[in-house]
Amino acid sequence: MEVIRSQKRTASNDVVSNPKIPLYLTAPQMEVRLEEFELFAIDRLRVLKGVSDGLARGKNPKEMDEVVNTLWKENMRHSDASEMVNKDIISHFVLRLVYCRSDELKKWFLSMETALFRHRFRLQNLEAQRAIVGEFGLPYKAVTGAELESLKERLGQVVRSLGQISPSVEAVYYKVPFEEVPDLVAGRRVLIQKGYAFVAGSQLVSLVVTQFRSHISKALILTNRKWTTTIREREKDRLTPIVEALSTTYLGPDYSQSSEYADISLKDIDQVSKSSFPLCMRHLFEKLREDHHLKHGGRMQLGLFLKGVGLKLDDALAFWRAEFSKKVGSERFDKEYAYGIRHNYGKEGKRTDYTPYACQKIISSAPGAGDHHGCPYRHFSEDNLRAALGRMGLSSRGMEDVMDKVRNKHYQLACTLTFEAVYGTSCDAGINHPNQYFEESQKILKSKTPAAPV
Amino acid sequence: MLMLAVIDGKHPGCDDYYFGRREFSFTLENDVYLRYKSFKSASALEHAIKSCFPYKIDIGAVYSVDPDKRHAYSQTGTNVFTPVERELVFDIDITDYDDVRYCCSGADVCSKCWPLMTVAIKVIHTSLKEDFGFKHILWVFSGRRGVHCWVCDPKARRMTNEQRSAVAEYFRVYKGNENNARKVALMSYSLHPFLARSYVDFLKGFFEGELQENQSIFSTKDKYDKILEMMSDEDIQSELREKWEKSANRSSLSEEAISLVRWEQLKNTLQSKKHKAPTLRMCVEEIVFTFTYPRIDLEVSKQMNHLLKAPFCVHPKTGRVCVPIDPNNCDEFDPLAVPTLSQLIEEINSGGSKMDVDDDDDDDDTSLLGKSIKFFRSSFLEPLLKSCKEEIENSYKTKIGKSKDSFSW
């Protein structure tokens, strides 16, 4: 890809690939105007950010298909079909440069591009999908004849186990090593036998998405290498400033550095937990006070939240120690738990300063026996959730609104409604991070407290 | 010290460089924990063990470079310190079943609740073999209250974290904790073939037989209330509750018999009412799964860098040796009859049987660990070594073949 300043693009070398979704396998041989370099990237970034938002709000796959369709139309459309494809390819490769530069950026980009690809794929018809599968050059054969017959009954069981009453076993199944379709395996959505998964035609998405993801992941590592060794220096007066600016604009605050609204001390902590903690953290905090213990998941979720809220390491150690020593004794605390807390603050091991978990991460966690972490809107039974909301002071009307959101799996919207009910104000941005809930809450409470008389 | 013979073989040291890249961790007295230990050979490992006397030894992954030299390599570029191979491992701990066993809790285990581990082994082992096609599977007693599973097939060792996570999720049925009443939700019209096979071959029989005998899960109000709460229909709950409250004092039957009678009543009631709601369709199965289906610790299996206690180690708190368990005979395994360190010391001191670890033909070997070591060697180690050799030979042949091809044009 060559970036130039000329007005017109030279037509002959443009690559117009046949499948509707390019696979971004190789950098295109074309010339790109400098203005397009940045503009195309920004448009694609709007799409990726929209995907990220949709996922954070817990939209189901069908809803996400719609989201992607709309976003793509609004931002990436072009009257000329070949121009549209070019924009698609160019914007992807520009963003690769932007997002290859750190692990966190890579992870975000990989997740969003994979989700984007998945939903664009789902929107294609079967024939287009098969063509794309072909593009990947996957060697999987269709299962036919006697082998298919012998599997029919169990394939039917799989279909019925996924919720459809009539065992409509599909016409085409592919025999694929189970390693290639981890998400289908995880969800028990395929029959597995002797190391092979039998993937239905309609489940092809999974197959290609895994391939796509794997390819992009590897590509990002190579791009990073190229960037750090040659491109960044060579382009320091032209492309580098654009690349560096593009990534910072669009990622939300990570709350790893506490702000003016978040600086609490030990003596305030009980009171603050009742007044400003979101439900998930309140529950963990209460359980900690009650049981004088929390399992690992809970310690991480609450511990990092408290760090984001401004609890300093020494105070944190004192806090956890005071609680845990009631159950396991202070010696055992020092031996077994203190290290973990210091680790969270970046004082041990590879010294990463861990960031507090955002809602998306908390919602997708899997609390098990004895755990209290996770998102109450998702992980609590209805009765328990109602009781907890009652303790937060919600009226029965308010509670119904919240429960309605929960039933529709809009957990963050439920939390937002709770926030609005508790503080009597609207929260247009929507809650997507527990520390955000805390800071917004503190803002409101502090603005209500009259200034002390001089 | 005994397990040294074992370690030597366990890590197919076909490649000297391979053994050196395996991470070990030692836990010393005073809970000093030493990670990222690595050794050039089995004798180096033996030497370190003899000088440090760790009371716990864990085995980790094989990394891209020797763990104890990891700081010499930069974190970026091509020489990153990262796991390269690691067995697929599972950890099942009976404390995760505390809500469904009434004989013990916490670290205790007895002959009434141990069968939960036995049935877990059967379910998981069958699936690993039949569904995933794995061949080299080692089950080990964890020394106190659970079992570990080591899947050592080459393709298992090379699995990525995402693939491991997928297998762990495939095995996951029980979701939740005290915050939700119904922890197994099997909605829909049929069970996935894996769950169906587990239910028919192992779980149903276990639930209605051994589990009821040992735990009598319907015999008292506390016990049956817990089960009634799993049913989403209040009418059915109250119908059964009433019936059972009435019969509570009048019966002269044993706890076990009462429990069985109530189970039959529950099944009959559900059979006639199951069309009332989708959540009732699989209620019977859900109850069986809740009580009997394996509960693995997902975090242990998901990541390559997770360390796990070495087989044949001695458990620091019980003194018992972490011996292998034969999955084809796991009904016979008794955790309370496993040799302890003190028994072994006595055996050595009394100069008893020769305990010649290299002599496989000794059928009269009555030493405490003789049988375990023999089983380990013949059922697990030898087939594994054989398959590793084959793999090396095959890849060598392919290499030779390729280099031959390059000459033709």
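**Exercise 1. Count the salt bridges across the interface of chain B and chain A, and look at one of them.**

Start with the tally: in this predicted model, two salt bridges turn up across the interface of chain B and chain A. Next, apply the cut-off, a side-chain nitrogen of Lys or Arg within 4 Å of a carboxyl oxygen of Asp or Glu. Now try it on Asp31(B) and Lys335(A): their side chains meet at 3.0 Å, N to O, so the pair passes the 4 Å test.

**Exercise 2. Work out which helices of chain B supply the side that touches chain A, and sort that side by residue class.**

First, the polar contacts: the interface of chain B and chain A has 10 residue pairs of this kind, with both residues at pLDDT 80 or more. Then pick out the helices. H4 (115–130), H6 (161–170) and H7 (193–215) of chain B each put in at least two residues. H6(B) gives the most, with six residues. Last, sort by class: the side of chain B that touches chain A comes out at 17 nonpolar, 11 polar and 10 charged residues.

**Exercise 3. Put numbers on the extent of the contact between chain B and chain A.**

Begin with residues: 38 from chain B are in contact with 37 from chain A. Then take the area: about 2,900 Å² is buried between the two chains, and carbon and sulfur atoms give 55% of that.

**Exercise 4. Describe how H10(A) packs against H11(A).**

What do you need? Packed helices are described by an angle and a distance between their axes. For H10 (residues 269–276) and H11 (residues 279–291) of chain A, the axes come within 10 Å and cross at roughly 145°. The crossing is left-handed. Now list who meets whom: Ile269(A), Asp270(A), Ser273(A) and Lys274(A) of H10(A) face Arg282(A), Phe285(A) and Arg289(A) of H11(A) in contact. Sorted by class, this contact holds two nonpolar, one polar and four charged residues.

Terms used. Residues are numbered from 1 along each chain as its sequence is written. Chains are lettered from A and ligands numbered from 1 in the order in which they are written. This is a predicted model: local features need pLDDT of at least 70, side-chain atom pairs count only at pLDDT 80 or more; totals for chains, interfaces and linings use all residues. Side-chain values use heavy atoms; hydrogens and water are left out. Axes are lines fitted to C-alpha atoms, for helices over the stretch in contact, and angles run from 0 to 180 degrees between N-to-C directions. Helices (H or I, at least four residues) and strands (E, at least two) are DSSP runs, numbered from the N terminus. A crossing is left-handed if the near helix is turned anticlockwise from the far one by less than a right angle, and right-handed if clockwise. Contact means heavy atoms within 4.5 Å. Ala, Val, Leu, Ile, Met, Phe, Trp, Tyr, Cys and Pro count as nonpolar, Asp, Glu, Lys and Arg as charged, and the others, Gly among them, as polar. Buried area is the accessible area (1.4 Å probe) that two parts lose on being put together, summed over both. A polar contact is a pair of N or O atoms within 3.5 Å; within protein, one must be able to donate a hydrogen and the other to accept it, and residues adjacent in sequence count only if both atoms are side-chain atoms.
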